[in-house]
Amino acid sequence: MMEDFRHIYVRLCKDHHIDPQECVLEKLKSLESGSKSKAVLDLSTNSLTPKTCAVLGKVLASDRAFVEIKFADCMLAEDAIKGLAQGLAHNTFCRKLDLKGNNIRGSGTEALGKMLRQNKTLVSLCLEWNGMGMLDNSFSVFCDGLGSSTSLRALDLRNNQISHDSVGELAASLKRNVYLRALDLRWNNCGLLGGRALLEMLQSNKTISRLELAGNNVPTDILKSIETAVQNNADRQAIVDENFKRTQTLANHIRGIEMDKKLQLNELLTTIDQQEELMRKSNRVSTHQIGNLQFALDERKGAFNTLAAKLSMAETELALSEQKVSEFNSTISRLKSEMQEMAVNHMNEMRREKEDRANEDLKFLKEISETQDKNNQLQNKVDDLERKCRQQQEQIYDFKEQITHIQSELTLKGSQFEERITQEKLRQKEAMRDFEQYKQKEMARMKQESEEMERILRDRISKMESAKLDMEEEISRLKAANISDKLNAEEQLSSVKHRLKSEEEQRHIQLEEKIRVLQTSKDELKSHCSQQTATLSQLQHRNSNLQIEVENLRRQMEEVNQELAQKNNYTMAEVAKVQVELNKSQSKLDQERAVHSELREKLASVDSQMSEQMLRHRRQMEEKEKEIVVLEEKLKGRELELVRLREEEAQRVQVLQSAILNYVGSKQGSSR
């Protein structure tokens, strides 16, 4: 990145027919040979020409290598400032810019205002030791750009000869700017009117949390009111940051809960799909069984049709026997009429029996499917209860974690407040020491700056003798002002000590009250958690009992299904036996016509057996119907109990939600 910057700079210099300055090339080469992660372009104390600055501005317009750029003490011309500002207006990577000690005024100030209007990434801007406030029109353009800036957070305008009128323009622009956090206006000429303008600005601007106004001849009462307004802004900003962090943590927690709910929903959908697949399989099995039964009924119909055909053949043979043997005409006609009546009765009985069995089979299949559906519903309800139990256990664990977190927060807050009290005491002691050191440093800095100005402007000594005398007078005046400021600071420190002591006592009382409220809420939560654990244990016990009962019902259903299969097999075997016996009787009719009496007896015995079997089958069917009615009543009782348990769980969940909402509301109220 550094090498690309240097190549672009050299190429643009060649395009504009400019010789690259050696100081810039040496600095870029040193950055290339140095650390790769160093992203600071420091060209301070180098005399740069306007053309070089114009080229640097074009390079910096598309630069993504330097986070911080320094042009301090370069004494840049107005055209050079314009070229840099035009380039930095389109820069999207630089965060800090230092233009200290460049005698910026007039058109340079206007260029910086336009740059602030367009730039969206600059966070810190240092303009110390310039003359931006010398021309009110140019400074108003700068203030307009500052009011439109949305990225700048810190602005340094020390020693810029800003008058009270310019401060009024600055305050008007800051009423529109809600992004600036720190402003340094030390060693300017704000005066009484400027202080009032800044105080009026702070009534509407609630984002400035640091404002330096030392050396501006602002009255002490206005300074105190400005300090209180700035401190209120700082406290408000700290509260806003804390609330933002809390909202972020709550949003993350809500996103985690939503993810868990989505996972649970996916699991529920998979279980529903599995249950639907099982239902489809059971339907396929039932349709297959119904097909088998239909096939068996068709076989029975074919057997009965064959019997009817054989009976008709027997009648024809009897007619032939009447022609051959006239002696047995009467007996044969009587037997024929009896056989016809018996065949018709038997066919009617078999038809009725077939229809009754078909109806009973359909009824059994419907009842079996209904019981299977009810069993699946019970299983789903049991799964729902288990899932709710797991959710309640997880909620209990969350409540326990919250209680421990609250206890740790209480202990931490107690220790933090004690540390804060001790730190406030130490800070008040160190404030006086820091003020003395600051006074000595300011005196040393003023002397050092005067010596530096003398070294730099050694060739202009003849012209600046009068300015030197003015500076000496200003130093004496500043000494007197420092002495008065010291006295005022001591008075302010005593008042601040008294105020802080009273505030700490009030905060201590408030914290004790909050600790007492939190202790009561903690005891209530403990009792509520114990109640929830007891209810959970009861629900688990009930759930285990319900699972045992469901298992028993499943076993009973399996036994009923096995018995039904056995009965069906038994009926099929009996029908096969009857078919064999009928075939034997038919063969006997073909072989010997004299065995009609035996055939009649056998038919009577078969009819009696079939009637007995039908009676037994009907009795068994009635018993099974009674058992199914009992099972249905038990299932209804279980369903009512499950509904009651679900209502109790819904009531408990509502109670838990109300308790959590009350707790969160009390916690937010205490934090406020």
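# Exercises on a predicted model

Glu 649 and Arg 652 are both buried. The exercises below concern a predicted model.

**Exercise 1.** State what joins the side chains of Glu 649 and Arg 652, and how the two residues are spaced in their helix.

*Solution.*
1. The two side chains form a salt bridge, with an N to O distance of 3.4 Å.
2. A salt bridge requires a side-chain nitrogen of Lys or Arg within 4 Å of a carboxyl oxygen of Asp or Glu.
3. Both residues belong to helix α12 (residues 596-671), where they sit three residues apart, so about one helical turn separates them.
4. Glu 649 is buried, as is Arg 652.

**Exercise 2.** Find the residues that are linked with Asp 156 in a network of salt bridges, and describe two of the pairs.

*Solution.*
1. The structure contains 16 salt bridges.
2. The network links Asp 156 with Glu 128, Arg 158, Asp 184 and Arg 186.
3. One pair is Arg 158 and Asp 156, whose closest N and O atoms are 2.8 Å apart. Both of these residues are buried.
4. Another pair is Asp 184 and Arg 186, with a salt bridge of 2.8 Å from N to O.
5. Buried means under 20% relative accessible area. Asp 184 has 6% relative accessibility and therefore counts as buried. Arg 186 has a relative accessible area of 14%, so this residue is buried too.

**Exercise 3.** Classify the packing of helix α3 against helix α4, and list the residues in contact.

*Solution.*
1. Two packed helices are described by the angle between their axes and the distance between the axes.
2. For α3 (residues 50-61) and α4 (residues 78-88), the axes come within 7 Å and cross at roughly 5 degrees.
3. Angles under 35 degrees count as roughly parallel. Therefore α3 and α4 are roughly parallel to each other.
4. On the α3 side, the contact involves Pro 50, Cys 53, Ala 54, Leu 56, Gly 57, Leu 60 and Ala 61. Their partners in α4 are Asp 79, Ala 80, Gly 83, Leu 84, Gly 87 and Leu 88.

**Exercise 4.** Do the same for helices α7 and α8.

*Solution.*
1. Helix α7 (residues 164-176) packs on helix α8 (residues 191-204) at about 5 degrees, and their axes are 8 Å apart.
2. This angle makes α7 roughly parallel to α8.
3. Helix α7 contributes His 164, Val 167, Gly 168, Ala 171, Leu 174 and Lys 175 to the contact. Helix α8 contributes Leu 193, Gly 194, Ala 197, Leu 198, Glu 200, Met 201 and Ser 204.

**Exercise 5.** Decide whether Ser 138 and Leu 269 are buried, partly exposed or exposed, and describe the surroundings of each.

*Solution.*
1. Ser 138 lies in helix α6 (residues 136-148). Its relative accessible area is 5%, so Ser 138 is buried.
2. Leaving out residues up to four places away in sequence, Ser 138 touches Gly 106, Ser 107, Thr 109 and Glu 110.
3. Leu 269 is located in helix α9 (residues 220-324). Its relative accessibility is 42%, so Leu 269 counts as partly exposed.
4. Together with Leu 265, Leu 268 and Ile 272, Leu 269 makes a nonpolar surface patch of about 310 Å².

**Exercise 6.** Summarise the chain as a whole: its elements, burial, contacts and surface.

*Solution.*
1. The chain has 12 helices and seven strands.
2. Of its 672 residues, 32% are buried.
3. Taking contacts between residues at least 6 apart in sequence, 86% join residues at least 24 apart.
4. The accessible surface is about 41,500 Å², and carbon and sulfur atoms account for 54% of that area.

Notes. Residues are numbered from 1 along each chain as its sequence is written. This is a predicted model: local features need pLDDT of at least 70, side-chain atom pairs count only at pLDDT 80 or more; totals for chains, interfaces and linings use all residues. Side-chain values use heavy atoms; hydrogens and water are left out. Patches are made of residues with over 30% relative accessible area and no salt bridge: like charges are joined within 9 Å, nonpolar side chains (Val, Leu, Ile, Met, Phe, Trp, Tyr) within 5 Å. Accessible areas come from the Shrake-Rupley method with a 1.4 Å probe; for residues, only the protein chains shown count as cover. Helices (H or I, at least four residues) and strands (E, at least two) are DSSP runs, numbered from the N terminus. Buried means under 20% relative accessible area, exposed over 50%, partly exposed in between (1.4 Å probe, protein chains only). Axes are lines fitted to C-alpha atoms, for helices over the stretch in contact, and angles run from 0 to 180 degrees between N-to-C directions. Angles under 35 degrees count as roughly parallel, over 145 as roughly antiparallel, 65 to 115 as roughly perpendicular and the rest as oblique. Contact means heavy atoms within 4.5 Å.
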